[in-house]
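These are my notebook entries on one helix of the model and on what packs against it.

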Amino acid sequence: MINNQTNFFVSQEAKQALSNTFDTKSGIARFAGKEVLYYKSLLKFIENYYDVPKSDDQEEDRRMVHTVKGVAGNLGINQLFELAKELLGDLTNQSVREKYLQVFDEVADIIQKNIKIINSPETIRTNDTKDVLIKQLDALVIAINSYQIEICESIINKLSTTNWDVSTQIDFTPLNIAVENYDYSSMEVIVSQIRKNL
(Lines give C-alpha, C1' and ligand atoms only; values in the text may rest on other atoms or scores of the structure.)
Protein backbone atom coordinates (compact mmCIF):
# COMPACT_ATOMS: atom_id res chain seq x y z
CA MET A 1 0.00 0.00 0.00
CA ILE A 2 1.38 3.39 -1.03
CA ASN A 3 1.29 6.00 1.76
CA ASN A 4 3.27 8.99 3.06
CA GLN A 5 5.94 6.67 4.47
CA THR A 6 6.47 4.85 1.16
CA ASN A 7 9.96 5.41 -0.18
CA PHE A 8 10.68 5.16 -3.87
CA PHE A 9 13.16 6.40 -6.42
CA VAL A 10 13.08 7.40 -10.07
CA SER A 11 16.38 7.44 -11.96
CA GLN A 12 17.08 10.03 -14.65
CA GLU A 13 16.62 7.30 -17.29
CA ALA A 14 13.28 6.36 -15.76
CA LYS A 15 12.16 9.99 -15.72
CA GLN A 16 13.01 10.16 -19.41
CA ALA A 17 11.10 6.94 -20.13
CA LEU A 18 8.07 8.27 -18.25
CA SER A 19 8.21 11.62 -20.06
CA ASN A 20 8.40 9.78 -23.40
CA THR A 21 5.02 8.20 -22.63
CA PHE A 22 3.26 10.70 -20.36
CA ASP A 23 3.12 14.48 -20.31
CA THR A 24 5.11 14.58 -17.08
CA LYS A 25 5.94 18.26 -17.49
CA SER A 26 2.29 19.36 -17.28
CA GLY A 27 1.59 16.65 -14.66
CA ILE A 28 4.36 17.93 -12.38
CA ALA A 29 3.17 21.51 -12.97
CA ARG A 30 -0.31 20.47 -11.73
CA PHE A 31 1.42 19.27 -8.56
CA ALA A 32 2.97 22.73 -8.06
CA GLY A 33 6.32 21.45 -9.34
CA LYS A 34 6.59 18.78 -6.62
CA GLU A 35 8.15 15.87 -8.49
CA VAL A 36 8.13 13.50 -5.53
CA LEU A 37 4.40 14.00 -5.02
CA TYR A 38 3.77 13.54 -8.75
CA TYR A 39 5.67 10.23 -8.97
CA LYS A 40 4.03 8.96 -5.77
CA SER A 41 0.65 9.87 -7.29
CA LEU A 42 1.46 7.77 -10.36
CA LEU A 43 2.04 4.80 -8.05
CA LYS A 44 -1.18 5.55 -6.13
CA PHE A 45 -3.10 5.81 -9.40
CA ILE A 46 -2.13 2.25 -10.38
CA GLU A 47 -2.81 0.95 -6.88
CA ASN A 48 -6.27 2.55 -6.70
CA TYR A 49 -7.62 2.21 -10.23
CA TYR A 50 -5.81 -0.60 -12.04
CA ASP A 51 -8.81 -2.96 -11.88
CA VAL A 52 -11.20 -0.35 -13.28
CA PRO A 53 -13.49 -0.83 -15.15
CA LYS A 54 -14.35 -4.46 -14.64
CA SER A 55 -17.68 -3.99 -12.91
CA ASP A 56 -20.96 -5.44 -14.20
CA ASP A 57 -22.82 -2.42 -12.79
CA GLN A 58 -22.97 0.16 -15.60
CA GLU A 59 -23.47 3.14 -13.27
CA GLU A 60 -20.50 2.08 -11.11
CA ASP A 61 -18.53 1.51 -14.31
CA ARG A 62 -19.36 5.03 -15.50
CA ARG A 63 -18.28 6.58 -12.17
CA MET A 64 -14.99 4.72 -12.16
CA VAL A 65 -14.15 5.51 -15.79
CA HIS A 66 -15.02 9.16 -15.10
CA THR A 67 -12.66 9.15 -12.09
CA VAL A 68 -9.88 7.49 -14.09
CA LYS A 69 -10.36 10.09 -16.83
CA GLY A 70 -9.93 12.95 -14.37
CA VAL A 71 -6.94 11.49 -12.56
CA ALA A 72 -5.22 10.42 -15.82
CA GLY A 73 -5.73 13.94 -17.17
CA ASN A 74 -4.17 15.49 -14.06
CA LEU A 75 -1.22 13.10 -14.23
CA GLY A 76 -0.61 13.78 -17.92
CA ILE A 77 -1.50 10.24 -19.02
CA ASN A 78 -3.13 11.65 -22.13
CA GLN A 79 -3.75 8.47 -24.13
CA LEU A 80 -5.64 6.90 -21.22
CA PHE A 81 -7.48 10.17 -20.62
CA GLU A 82 -8.68 10.27 -24.26
CA LEU A 83 -9.78 6.61 -24.22
CA ALA A 84 -11.64 7.08 -20.93
CA LYS A 85 -13.40 10.10 -22.43
CA GLU A 86 -14.35 8.05 -25.49
CA LEU A 87 -15.50 5.11 -23.36
CA LEU A 88 -17.72 7.42 -21.28
CA GLY A 89 -19.53 8.28 -24.52
CA ASP A 90 -20.49 4.63 -25.02
CA LEU A 91 -19.71 2.13 -22.24
CA THR A 92 -21.02 -0.72 -24.40
CA ASN A 93 -18.39 -0.16 -27.13
CA GLN A 94 -16.27 -3.32 -26.75
CA SER A 95 -13.58 -2.11 -29.14
CA VAL A 96 -12.94 1.06 -27.12
CA ARG A 97 -13.18 -0.87 -23.82
CA GLU A 98 -10.55 -3.38 -24.98
CA LYS A 99 -8.22 -0.61 -26.15
CA TYR A 100 -8.79 1.24 -22.86
CA LEU A 101 -7.88 -1.85 -20.82
CA GLN A 102 -4.86 -2.56 -23.04
CA VAL A 103 -3.55 1.00 -22.61
CA PHE A 104 -4.21 0.81 -18.85
CA ASP A 105 -2.07 -2.36 -18.73
CA GLU A 106 0.70 -0.57 -20.63
CA VAL A 107 0.48 2.47 -18.33
CA ALA A 108 0.69 0.26 -15.22
CA ASP A 109 3.67 -1.59 -16.68
CA ILE A 110 5.55 1.63 -17.49
CA ILE A 111 4.93 3.08 -14.04
CA GLN A 112 5.92 -0.11 -12.20
CA LYS A 113 9.09 -0.53 -14.27
CA ASN A 114 10.26 3.03 -13.74
CA ILE A 115 9.25 3.94 -10.20
CA LYS A 116 10.94 1.62 -7.74
CA ILE A 117 9.59 1.21 -4.23
CA ILE A 118 12.33 0.93 -1.62
CA ASN A 119 11.48 -1.64 1.02
CA SER A 120 12.06 -0.78 4.63
CA PRO A 121 15.17 -2.43 6.08
CA GLU A 122 13.42 -2.96 9.43
CA THR A 123 11.65 -5.99 7.96
CA ILE A 124 14.84 -7.85 6.97
CA ARG A 125 15.82 -11.37 7.99
CA THR A 126 19.22 -11.78 9.63
CA ASN A 127 20.64 -14.11 6.94
CA ASP A 128 20.31 -11.52 4.19
CA THR A 129 21.23 -8.38 6.16
CA LYS A 130 24.30 -7.55 4.08
CA ASP A 131 22.40 -7.95 0.77
CA VAL A 132 19.58 -5.72 2.00
CA LEU A 133 22.07 -3.13 3.28
CA ILE A 134 23.79 -3.09 -0.14
CA LYS A 135 20.42 -2.68 -1.88
CA GLN A 136 19.54 0.22 0.43
CA LEU A 137 22.91 1.83 -0.29
CA ASP A 138 22.33 1.34 -4.04
CA ALA A 139 18.90 2.96 -3.72
CA LEU A 140 20.53 5.82 -1.84
CA VAL A 141 23.06 6.33 -4.65
CA ILE A 142 20.19 6.51 -7.16
CA ALA A 143 18.37 9.05 -4.97
CA ILE A 144 21.60 11.06 -4.63
CA ASN A 145 22.15 11.04 -8.40
CA SER A 146 18.51 12.13 -8.91
CA TYR A 147 18.93 14.95 -6.34
CA GLN A 148 15.91 13.66 -4.39
CA ILE A 149 16.79 15.00 -0.95
CA GLU A 150 13.59 13.78 0.77
CA ILE A 151 14.27 10.22 -0.33
CA CYS A 152 17.95 10.54 0.69
CA GLU A 153 16.87 11.73 4.15
CA SER A 154 14.37 8.91 4.51
CA ILE A 155 16.82 6.17 3.44
CA ILE A 156 19.61 7.57 5.63
CA ASN A 157 17.22 7.75 8.59
CA LYS A 158 16.28 4.10 8.09
CA LEU A 159 19.91 3.10 7.62
CA SER A 160 20.85 4.93 10.83
CA THR A 161 18.07 3.49 12.98
CA THR A 162 18.33 -0.14 11.85
CA ASN A 163 20.49 -2.54 13.82
CA TRP A 164 22.60 -4.03 11.01
CA ASP A 165 23.94 -7.49 11.73
CA VAL A 166 27.19 -7.09 9.80
CA SER A 167 30.78 -7.67 10.85
CA THR A 168 31.80 -4.01 10.58
CA GLN A 169 30.29 -1.30 12.78
CA ILE A 170 28.85 1.41 10.53
CA ASP A 171 28.82 5.06 11.55
CA PHE A 172 26.14 6.92 9.61
CA THR A 173 26.87 10.29 11.29
CA PRO A 174 28.90 11.70 8.35
CA LEU A 175 26.10 10.69 6.00
CA ASN A 176 23.52 12.49 8.18
CA ILE A 177 25.69 15.62 8.20
CA ALA A 178 26.12 15.50 4.41
CA VAL A 179 22.37 15.21 3.82
CA GLU A 180 21.65 18.10 6.21
CA ASN A 181 24.03 20.22 4.11
CA TYR A 182 22.61 19.00 0.78
CA ASP A 183 26.15 17.83 -0.03
CA TYR A 184 25.41 15.23 -2.71
CA SER A 185 29.04 14.63 -3.70
CA SER A 186 30.06 13.90 -0.08
CA MET A 187 27.07 11.58 0.30
CA GLU A 188 28.19 9.60 -2.72
CA VAL A 189 31.80 9.32 -1.43
CA ILE A 190 30.61 8.23 2.03
CA VAL A 191 28.27 5.57 0.58
CA SER A 192 31.16 4.27 -1.54
CA GLN A 193 33.38 4.02 1.59
CA ILE A 194 30.67 2.20 3.54
CA ARG A 195 30.27 -0.33 0.71
CA LYS A 196 34.05 -0.93 0.56
CA ASN A 197 34.13 -1.66 4.29
CA LEU A 198 31.36 -4.27 4.18
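I began with helix 4 (residues 58–75), which has 18 residues and reaches 25 Å from its first C-alpha to its last, close to the 26 Å expected at 1.5 Å a residue; the expected span is 1.5 Å times one less than the number of residues, and helices are DSSP runs (H or I, at least four residues) numbered from the N terminus. The model is predicted, so local features need pLDDT of at least 70 and side-chain atom pairs count only at pLDDT 80 or more, whereas totals for chains, interfaces and linings use all residues. Residues are numbered from 1 along each chain as its sequence is written, and side-chain values use heavy atoms, with hydrogens and water left out.

I then listed the buried residues of helix 4 (under 20% relative accessible area, 1.4 Å probe, protein chains only) and found Asp61, Val65, Val68, Lys69, Ala72, Gly73 and Leu75. Seen down the helix 4 axis, these buried residues fall within an arc of 160 degrees, so they line one face of the helix; the arc is taken over directions from the axis to the C-beta atoms. Their cover includes helix 2 (24–30), helix 3 (35–49), helix 5 (78–89) and helix 6 (94–114).

Next I looked up helix 3 against helix 4: they pack at an angle of about 165 degrees with axes 11 Å apart, and are therefore roughly antiparallel, the term for angles over 145 degrees. In contact (heavy atoms within 4.5 Å), Tyr38, Ser41, Leu42, Phe45 and Tyr49 of helix 3 meet Met64, Thr67, Val68, Val71, Ala72 and Leu75 of helix 4.

Lastly, I noted that Gly76, just after helix 4, takes a positive phi of about 80 degrees.

Technical notes: Helices (H or I, at least four residues) and strands (E, at least two) are DSSP runs, numbered from the N terminus. Buried means under 20% relative accessible area, exposed over 50%, partly exposed in between (1.4 Å probe, protein chains only). Axes are lines fitted to C-alpha atoms, for helices over the stretch in contact, and angles run from 0 to 180 degrees between N-to-C directions. Angles under 35 degrees count as roughly parallel, over 145 as roughly antiparallel, 65 to 115 as roughly perpendicular and the rest as oblique.
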